[in-house]
Amino acid sequence: MRAVQVTIVGLGPRGLGILQHIAQRAGQLPEGVELDVHLVDPGDTGQGAHSNRQPDHLLTNTLASQLTMFPGGGGPSFTDWAQQVGYRRFAGGYYRTGEAGGEPIGPHDYLPRNLLGEYLSFASDHTLSSLPTSVRVVHHRARAIDMEELSPSGRYVVRTENGYEIPSDFLFLATGHSRRTPTDEDIRFEDFVSEHQGRNDRLAYLADCYPVDKLGRIAPGATVAVQGFGLTAHDVIAHLTIGRGGRFEGDGHDMRYIPCGREPSILLFSRQCLPAAARGINQKGLAGAYQPHFFTLEAIRGLRERARRKRGSAQIDFEAEVVPLLRREMGYVYRSTLERRHIRPDLYEFTAADQAAVDAIVDPLVGRSFRDLDAFRAFFTAFVTEDLEHAEEGNRTSPVKAATDAIRDIRASLREAVEFSGLTPDSHRVFNTRWVPLMNRISFGPPRRRNYELLALMNAGVVDLAGGPGCRIVPDPGTARFTVETHFTNGPTVRYADALVAARLDLFHPETDSSPLTARLLARGLIRPYSNGSYEPGGVDITPSGRVIAKGGTPLTGVWAVGYPVEGPRYYTYYLPRDGQKSRFTDEANAAVCDMWQQLTILEEDDSRADRQRQSVSLP
């Protein structure tokens with residue numbers, strides 16, 4: 001028997017997806033071949049960033065009923081599992097009580113992320129128990145810090161932080177979210193804190209807010225400036241309020257926040273100071289999705305063919321050529337929903353009224369100015385309130401939520417336009433800097449409850465705005481505090497903060513990633529940053545099947561990367577499979593494992609290598 005060595009580095013959902021696809025093919029191994037599968041991750045199998053040890057107040061941002069690690073069947077969805085193991089909804093959270101007390105979990109629940117961690121470990125256990133005896137698995141509870149190609153054998157060795165070496169025929173890199181090395185701004189802020197903390201012992205700077213336990217450095221009663229209004233900012237707010245003992249009473253606009261007395265004062269700001277729009281009540285069912293009429297795969301391919309004929313390149317311009325299709329699609333959904341009727345696409349006219357409605361969704365600040373912070377605060381609270389009213393109508397009833405939810409449903413068209421240098425370099429830069437944050441804000445926001453909580457916290461005086469659009473953060477040596485400055489029409493406004501938290505996730509750029517593994521892979525030339533001409537959007541360069549491309553431009557034999565490390569050549573890699581829908585998550589895992597299986601078959605059929613013996617290093 002020959003033992004083929006397979007190593008999966010990173011065992012969050014993406015690594016688990018690879019393991020699942022290996023398990024699905026395990027019965028098709030060539031005769032005389034066994035697999036030793038090495039899982040390299042210091043955490044629990046399957047969980048990744050979704051640790052089951054996170055606090056209850058950190059919620060998933062997608063309906064639990066739409067999440068599954070069994071998209072092809074064979075296992076329960078997240079909601080089905082939670083129901084089966086006895087979780088129930090109580091006013092203060094979700095508890096495993098069986099049939100006793102509380103309310104049953106339903107299709108509209110956003111469950112805590114620690115429950116998602118439990119579910120992912122369940123899916124991992126389910127997968128491991130399904131493996132035949134020809135597949136052996138060992139979980140190395142350590143971080144991978146190096147990988148080397150063993151020339152001329154075409155094999156690799158993975159080294160872990162505890163000195164262990166894992167010989168590998170095939171490797172999958174599924175390392176998940178990253179942490180950047182300090183930027184010039186990080187260093188400037190950290191130096192400011194170090195220099196002036198002796199005059200203000202509340203002075204602090206957190207360039208990364210995860211794990212959220214580190215927010216314990218922020219003193220009760222201090223003033224903290226939180227940079228960001230997105231999903232990460234909501235985690236920070238929750239941990240500094242509910243996480244310290246505060247509580248909410250009531251629901252909707254009747255919700256009140258009852259302080260515990262240990263909260264800091266929270267000031268929110270960002271470049272635009274616009275909140276992430278709340279998710280509309282889901283009226284599409286588990287598998288329902290809008291099918292585009294204008295922004296279609298065929299339309300993108302048509303644009304590419306015209307570009308090839310006209311400019312000699314298949315690359316297209318997102319704002320000039322793609323955005324008109326996206327805006328027309330949103331206008332069509334808006335008008336159809338508003339009039340409560342089906343409109344034949346070939347008869348639809350994108351009227352001035354529809355264009356104005358789309359403009360208001362895309363850029364609610366256009367043409368507006370604010371005399372002072374009070375005026376902007378009034379606009380902000382009215383904006384959040386109106387958005388929640390749309391969210392309560394639902395994603396099939398509210399014209400606004402129907403139009404923005406359509407963006408979630410037509411991600412395949414966005415990928416067709418963007419991925420693998422589909423855009424010109426300059427257009428790709430505009431897409432990432434302007435359109436990705438914009439679409440995240442209007443389409444991929446938090447559960448409605450989070451924005452009701454935001455309003456309740458503002459009413460309680462615990463949360464306020466640090467400034468308005470265009471504000472900037474400046475360290476002030478005179479006061480030993482951070483200042484947020486905004487220029488309104490009546491003059492500048494300055495707010496002071498003892499602590500600053502950057503509430504955003506880092507993009508993965510190999511050159512600035514803090515991981516020792518990434519640094520050594522770069523140094524060895526085994527990976528290279530993905531580039532679209534002169535623009536480097538981030539991510540590791542790969543082939544469409546996920547094979548890693550080395551520094552010299554040649555794909556490595558037997559090495560694949562999936563998930564967040566390839567956000568760059570791919571678009572929108574950070575989500576779990578959706579029950580009842582075709583999933584890029586599944587497609588990418590399938591393509592990589594299928595490629596491995598083909599290489600494995602060829603390797604075994606190659607007479608020149610027939611006598612090469614591989615020794616197992618797995619546990620029995």
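**Notebook: strands, pockets and buried residues**

I began at E149, which stands opposite Y156 in β8. The model I am reading is a predicted one.

**Entry 1: the sheet around β8**

I followed the pairing outward from that position. β7 and strand β8, residues 155-160, pair in the antiparallel sense over six bridges. I then traced the whole sheet: it is open, has three strands in the order β7-β8-β9, and is antiparallel in its pairing. β7 (144-150) and β9 (165-168) are the edge strands; each has a single partner strand, so one side of each is left without a neighbour in the sheet. I took the twist as well: neighbouring strands here are turned by 20° against each other on average, direction ignored.

I next looked at what covers these strands. Helix α14, residues 516-524, lies across β7 and β8 and runs at about 25° to β7.

**Entry 2: the largest cavity**

α14 came up again when I listed cavities. I found five cavities of 30 Å³ or more in the structure. The largest cavity holds about 100 Å³ of space. Its lining consists of L173, T175, F508, L517, T518, L521, I527, V540, V548, A561 and P565. I checked which element contributes the largest share to this lining, and it is α14, with three residues. By class I noted nine nonpolar residues, two polar and no charged ones in the lining of the largest cavity.

**Entry 3: the second largest pocket**

I turned to the second largest pocket, where about 1100 Å³ of space lies. It is lined by 33 residues, of which F90, A91, Y94, R449 and E453 are the closest to its centre. The elements giving two or more residues to this lining are β3 (87-90), β4 (93-96), β13 (247-249) and α13 (448-459). α13 gives the largest share, five residues. I sorted the lining of this pocket by class and got 13 nonpolar, eight polar and 12 charged residues.

**Entry 4: the sheet of β3 and β4**

Since β3 and β4 were both on the pocket list, I looked up their sheet. It is an open sheet of three strands in the order β4-β3-β5, with antiparallel pairing. β4 and β5 (103-104) are the edge strands, and each pairs on one side only. Between β3 and β5 the antiparallel pairing runs over two bridges. I noted R88, whose bridge partner in β5 is P104.

**Entry 5: β2**

Is β2 mostly covered or mostly open? I went through strand β2, residues 33-40, and found eight of its eight residues buried. I split the strand by face: V33, L35, V37 and L39 lie on one side, E34, D36, H38 and V40 on the other, and all are buried. Charged side chains such as E34 and D36 are thus on the buried list. For pairing, I found strand β1 (residues 2-9) alongside β2 in the parallel sense over eight bridges. D36 in β2 is the bridge partner of Q5.

**Entry 6: G445**

I looked at G445, in the loop between α12 (425-443) and α13. G445 is buried, with a relative accessible area of 0%. I listed its contacts, leaving out residues up to four places away in sequence: N61, L231, A276, A277, R279 and N440. I also noted G230, which is 215 residues from G445 in sequence but 7.0 Å from it in space, C-alpha to C-alpha.

**Entry 7: E588**

E588 is in helix α15, residues 584-605. I checked its accessibility: at 4% relative accessibility, E588 counts as buried. Beyond residues up to four places away in sequence, E588 touches R14, V562, G563 and R570.

**Entry 8: backbone points**

Which two residues does the cis peptide bond join? I found it between Y210 and P211, with omega at about -5°. P211 lies in the loop between β11 (204-206) and β12 (223-227).

I then noted positive phi values outside glycine. S421 has a positive phi of about 60° and is not a glycine; its place is in the loop between α11 (411-418) and α12. A480 is also a residue other than glycine, with a positive phi near 55°. I placed A480 in the loop between β17 (472-476) and β18 (481-488). A480 is buried, with a relative accessible area of 1%.

Note on methods:
Residues are numbered from 1 along each chain as its sequence is written. This is a predicted model: local features need pLDDT of at least 70, side-chain atom pairs count only at pLDDT 80 or more; totals for chains, interfaces and linings use all residues. Side-chain values use heavy atoms; hydrogens and water are left out. Two strands pair if DSSP finds at least two bridges between them. Helices (H or I, at least four residues) and strands (E, at least two) are DSSP runs, numbered from the N terminus. Axes are lines fitted to C-alpha atoms, for helices over the stretch in contact, and angles run from 0 to 180 degrees between N-to-C directions. Contact means heavy atoms within 4.5 Å. On a 1 Å grid over the protein atoms alone, a cavity is a set of points where a 1.4 Å probe fits but cannot get out, and a pocket is an open set with protein on both sides within 12 Å along at least five of seven lines; lining residues have an atom within 4 Å of a point. Grid points are joined across faces, edges and corners, and a volume is the space filled by probe spheres set on the points. Buried means under 20% relative accessible area, exposed over 50%, partly exposed in between (1.4 Å probe, protein chains only).
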